[in-house]
Amino acid sequence: MQIPLTSESIRSHLATDTFGWNIILKDSLPSTNDLAKQEDFAHGSAVLAEEQTAGKGRLGRNWMAPKGSSILMTIVLRPEREIQSMQIITLASGIAVVEAIRELYLLPARLKWPNDLTIYERKVCGILVESQLRGDGISKILVGLGCNVNQHPADFPDDLRMPATSLKIDANRELDRNELTGHILNHFEERYNQVLDGQSEKIVNDWKKNSNQLGRNVRWLENDNERTGVLRDISPDGAAVVEFEDGSTEEIISGDLL
């Protein structure tokens, strides 16, 4: 039986100081990121929806999921200090989700640059980080994530860009999204505080430990361009360091590595 999301159930799993104590939970939204952009929510607020009708991933791609099957959440950040790079926030949030999945379900979640999580090479979660500026600084950062939790194989369309899975498929049981949401928030608050404390090197190193791409052949896709190489490293600001077939090495900050 599917367990609905509730603010009370999510809070029962929190061990945070701030993250998740203000929950905005909607039955249906065009996009949790869009609502978080429009409203003046406090730092650490979690905006969730049982359904998104116009959810977006990176590069404007659609993120669709059957109602009540996923975690569709935006975490609102209001940085007290300068953030080194938005990519570090993306890496930190990816680590947090991996840690929560492994902690609860012992599934081998891995990270794919820049913003995907996979299990057995199949996508289970995507992250979209956006920022809003005020004057010369960032007024807020929106960390949006879509995590496939209780989908059946038939719920995924045939034309997906990357083969997809859900936690239910790989854990072989129905899962409580409230529990997972709480644990993601717990781990992300810890990782975000590391970013604020200048521990970006730890974030990058921990991301690399959980990567399924380092040292492997990759295809870099950006717009209509495609190049092949090997992912050699992740730079201190979160860029992908790729050695291409022509011997050149470049830091990649956009596009996809497949």
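# Exercises on salt bridges and contacts

R232 has a relative accessible area of 46% and is therefore partly exposed (buried means under 20%, exposed over 50%, partly exposed in between, with a 1.4 Å probe and protein chains only). The model is predicted: local features need pLDDT of at least 70, side-chain atom pairs count only at pLDDT 80 or more, and totals for chains, interfaces and linings use all residues. Residues are numbered from 1 along each chain as its sequence is written, and side-chain values use heavy atoms, with hydrogens and water left out.

**Exercise 1.** Find the salt-bridge partner of R232 and state where both residues lie.

Solution. Step one: R232 forms a salt bridge with E243, with 2.7 Å between the closest N and O atoms (a salt bridge is a side-chain nitrogen of Lys or Arg within 4 Å of a carboxyl oxygen of Asp or Glu). Step two: R232 is in strand β9 and E243 in strand β10, so the pair ties together parts eleven residues apart in sequence (helices, H or I with at least four residues, and strands, E with at least two, are DSSP runs numbered from the N terminus). Step three: E243 is partly exposed because its relative accessibility is 30%.

**Exercise 2.** Describe the salt bridge between D246 and R227.

Solution. Step one: the closest N and O atoms of D246 and R227 are 3.6 Å apart. Step two: R227 belongs to strand β9 (residues 225–234) and D246 to the loop between β10 (240–244) and β11 (249–252), so parts 19 residues apart in sequence are tied together. Step three: D246 counts as exposed at 58% relative accessibility, whereas R227 is partly exposed at 27%.

**Exercise 3.** Is D170, which meets R122 in a salt bridge, buried or exposed?

Solution. Step one: the side chains of D170 and R122 meet at 2.7 Å, N to O. Step two: the pair links distant parts of the chain, helix α4 (residues 167–171) for D170 and strand β6 (residues 122–134) for R122, 48 residues apart. Step three: D170 is buried because its relative accessible area is 18%, while R122 is partly exposed at 26%.

**Exercise 4.** How many salt bridges does the structure hold, and which residues are linked in a network?

Solution. Step one: there are 20 salt bridges. Step two: the network links E99, R191, K202, D206 and K209.

**Exercise 5.** Place H13 and list its contacts.

Solution. Step one: H13 sits in the loop between α1 (7–11) and β1 (23–26). Step two: H13 is partly exposed, at 24% relative accessibility. Step three: leaving aside neighbours within four places in sequence, H13 contacts D176, N178, E179, G182, H183 and N186 (contact means heavy atoms within 4.5 Å). Step four: H13 and G182 are 169 residues apart in sequence, yet 4.9 Å apart in space, C-alpha to C-alpha.
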